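Me: I have a structure open and would like to go through it piece by piece. Can you take my questions as they come?

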Amino acid sequence: MELPPWSLLMHRVRKLRIIVIGPVLWGDHYNRMEYSVLDMNDPGVLKEFYSEHFPSVRTYVLQNSGSAQDAQDVFQEALVATWLNAKQGKLQPESNLGGYVFRIAKNKWLDRVRSAAYKNEIRVEVERQDHTDNGVDQEARIEHLQHIYAQLDGRCKQILDRFYYEKKDLATIAEELGVDINSMRTIKYRCMMKLRKLHGSKGTSLPQKEE
Amino acid sequence: MDQGKFEQIESYLMKNMAPDEKAEFERQMANDAELRNEVERQRENMLAVEFGAFSGSVTRVAKQYQQENPSIGPTRSKGHYWAIAAGFAALLAVTIWAVTGSNRSESLMAEYYQPDLGLPVVMGVIDDPVFADAMVDYKVGEYDEAIGKWSTISQDVQNDTLSYYLASAYLANGQPIKAIPLFKQTLDQPGSAFEHQAAWYLLLSRVSLEQWRAAKAIYIDQNSPYSQQARELRAKLD
């Protein structure tokens with residue numbers, strides 16, 4: 001993703017401001033505002049978050065019969081689950097994001113350890129601590145969204161990602177891809193109609209949202 | 001849906017409408033159920049795009065992190081050349097997957113998947129007439145009908161027979177995403193008579209979605225009548 005150079009800088013300034021001024025204004029709650037999930041649409045912020053919070057998940061998984069690869073898997077799953085919860089308004093704005101992601105990753109790992117695949121291999125006395133994610137419903141919903149996205153061809157992904165995720169305007173995308181803006185508008189429309197057709201077809205009906 | 005209507009809904013969802021335009025659009029929605037459905041459908045598709053893009057971004061950042069921190073990455077570094085070789089192997093695997101992934105899933109399903117035959121529908125075997133009626137639908141391949149009837153029962157009754165056959169109907173109907181949580185629910189019931197079947201069809205549901213890693217992680221008991229098939233199938237996933 002191409003980002004304005006000031007994007008990461010602004011995040012760091014905001015973070016620094018919170019760290020410096022936060023304790024004075026909000027006492028113990030200041031560190032809860034270090035990250036917003038949607039800041040993570042910026043790969044620079046996402047990378048910073050990853051570097052800061054992955055090591056604790058890795059340590060936890062390694063201490064509980066897992067491998068570094070397991071740690072990476074559950075951390076990535078926890079990140080996308082957190083992002084989805086935030087988009088659906090299920091995440092409190094003041095949530096401590098690092099702690100939240102850690103709890104989801106931990107729960108996912110505990111679920112995996114207890115799964116039948118592991119029963120004959122290891123014995124670990126574990127108990128799920130809380131229900132930060134939404135279990136089966138959340139998994140089904142993630143699979144559903146992944147399934148829809150997977151139906152798009154590379155060209156459509158390229159255009160739709162830039163428009164809906166990176167929030168670039170159509171003129172910019174048209175210029176980047178060497179297409180005139182009217183053609184780009186039509187291509188985007190056709191790509192979305194492919195999804196509409198898929199969404200309405202048998203076999204891909206939506207898991208119900210938990211609003 | 002024409003392009004103009006699509007762009008109007010998009011403008012609403014992206015909060016690009018002027019206040020009076022937005023108010024007028026919301027008035028239309030209040031009186032038009034079809035428009036409301038279209039808005040929800042488009043909202044979901046836009047979310048799927050954003051979600052897919054974010055997932056891709058997470059994967060890229062994870063790889064970058066791993067490259068920059070080889071000592072704590074998922075593969076213990078045994079040297080630069082091994083890392084390069086692993087990179088080429090991964091690239092080759094991804095390329096093969098991209099070319100053959102869908103065909104592979106379809107051919108494996110064609111080879112291994114046979115819908116569960118269902119329960120005998122005779123007096124005394126099934127007491128609930130609605131359940132029995134749905135079982136007849138299921139056995140003649142009317143899966144939508146069976147799903148509709150079993151779903152109404154499932155709001156009141158939770159048992160492994162119902163969850164298993166509802167899951168089986170979804171899978172037979174080409175809806176593995178809906179089948180998966182129900183097969184898991186069946187497996188979560190201690191001592192279920194459908195334990196072996198549920199595990200096997202859960203594995204097949206994962207295969208049909210091309211979720212190879214998740215498919216391989218599903219435990220099939222060695223006493224399961226499907227253990228031999230599962231071993232064969234797993235070997236083909238490697």
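Me: Let's start small. Where do R43(B) and E40(B) lie?
Reply: Both are in helix α3 of chain B, three residues apart, about one turn of the helix. Helices here are DSSP runs of H or I with at least four residues, strands are E runs of at least two, and both are numbered from the N terminus. The side chains of R43(B) and E40(B) meet in a salt bridge, 3.1 Å from N to O. A salt bridge is a side-chain nitrogen of Lys or Arg within 4 Å of a carboxyl oxygen of Asp or Glu.

Me: Before I go on, what kind of model is this, and how is it numbered?
Reply: It is a predicted model, in which local features need pLDDT of at least 70 and side-chain atom pairs count only at pLDDT 80 or more, while totals for chains, interfaces and linings use all residues. Residues are numbered from 1 along each chain as its sequence is written, chains are lettered from A and ligands numbered from 1 in the order in which they are written, and side-chain values use heavy atoms, with hydrogens and water left out.

Me: Back to that pair. Is R43(B) buried or exposed?
Reply: In between: R43(B) is partly exposed, with a relative accessible area of 36%. E40(B) is partly exposed too, at 35%. Buried means under 20% relative accessible area and exposed means over 50%, with partly exposed in between (1.4 Å probe, protein chains only).

Me: Now the two chains. How many residues of chain B are in contact with chain A?
Reply: 52 residues of chain B are in contact with 61 residues of chain A. Contact means heavy atoms within 4.5 Å.

Me: And what area is buried between them?
Reply: About 5,200 Å², and carbon and sulfur atoms give 62% of that. Buried area is the accessible area (1.4 Å probe) that two parts lose on being put together, summed over both.

Me: How many salt bridges cross that interface?
Reply: The rule finds 11 between chain B and chain A. One pairs E44(B) with R141(A), at 2.7 Å from N to O. There are also 13 residue pairs in polar contact between the chains, with both residues at pLDDT 80 or more. A polar contact is a pair of N or O atoms within 3.5 Å; within protein, one must be able to donate a hydrogen and the other to accept it, and residues adjacent in sequence count only if both atoms are side-chain atoms.

Me: Which element of chain B gives the most to that side?
Reply: α3(B), with 25 residues. By class, the side of chain B that touches chain A has 22 nonpolar, 14 polar and 16 charged residues. Ala, Val, Leu, Ile, Met, Phe, Trp, Tyr, Cys and Pro count as nonpolar, Asp, Glu, Lys and Arg as charged, and the others, Gly among them, as polar.

Me: How many salt bridges over all chains?
Reply: 21. One is between E176(A) and R162(A), whose closest N and O atoms are 2.7 Å apart. E176(A) is in helix α8 (residues 170-177) of chain A and R162(A) in helix α7 (residues 154-165), 14 residues apart.

Me: What else does E176(A) meet in a salt bridge?
Reply: K168(A), at 3.0 Å. K168(A) counts as buried at 12% relative accessibility, and R162(A) is buried at 17%, whereas E176(A) is partly exposed at 32%.

Me: New topic: the largest nonpolar core. Which residues touch the most other members?
Reply: M40(A) and L79(A), out of 71 residues in that core. The largest share, 13 residues, comes from α3(B). A nonpolar core is a set of buried Ala, Val, Leu, Ile, Met, Phe, Trp, Tyr and Cys residues joined through side-chain atoms within 4.5 Å.

Me: What does L79(A) touch?
Reply: Not counting residues up to four places away in sequence, L79(A) touches M40(A), L46(A), F49(A), Y50(A), V101(A), F54(B) and V58(B).

Me: Last one: where is Y112(B) found?
Reply: In helix α4 (residues 80-112) of chain B. Y112(B) is buried, with a relative accessible area of 5%. A polar contact of 3.0 Å joins its side chain to that of K236(B).
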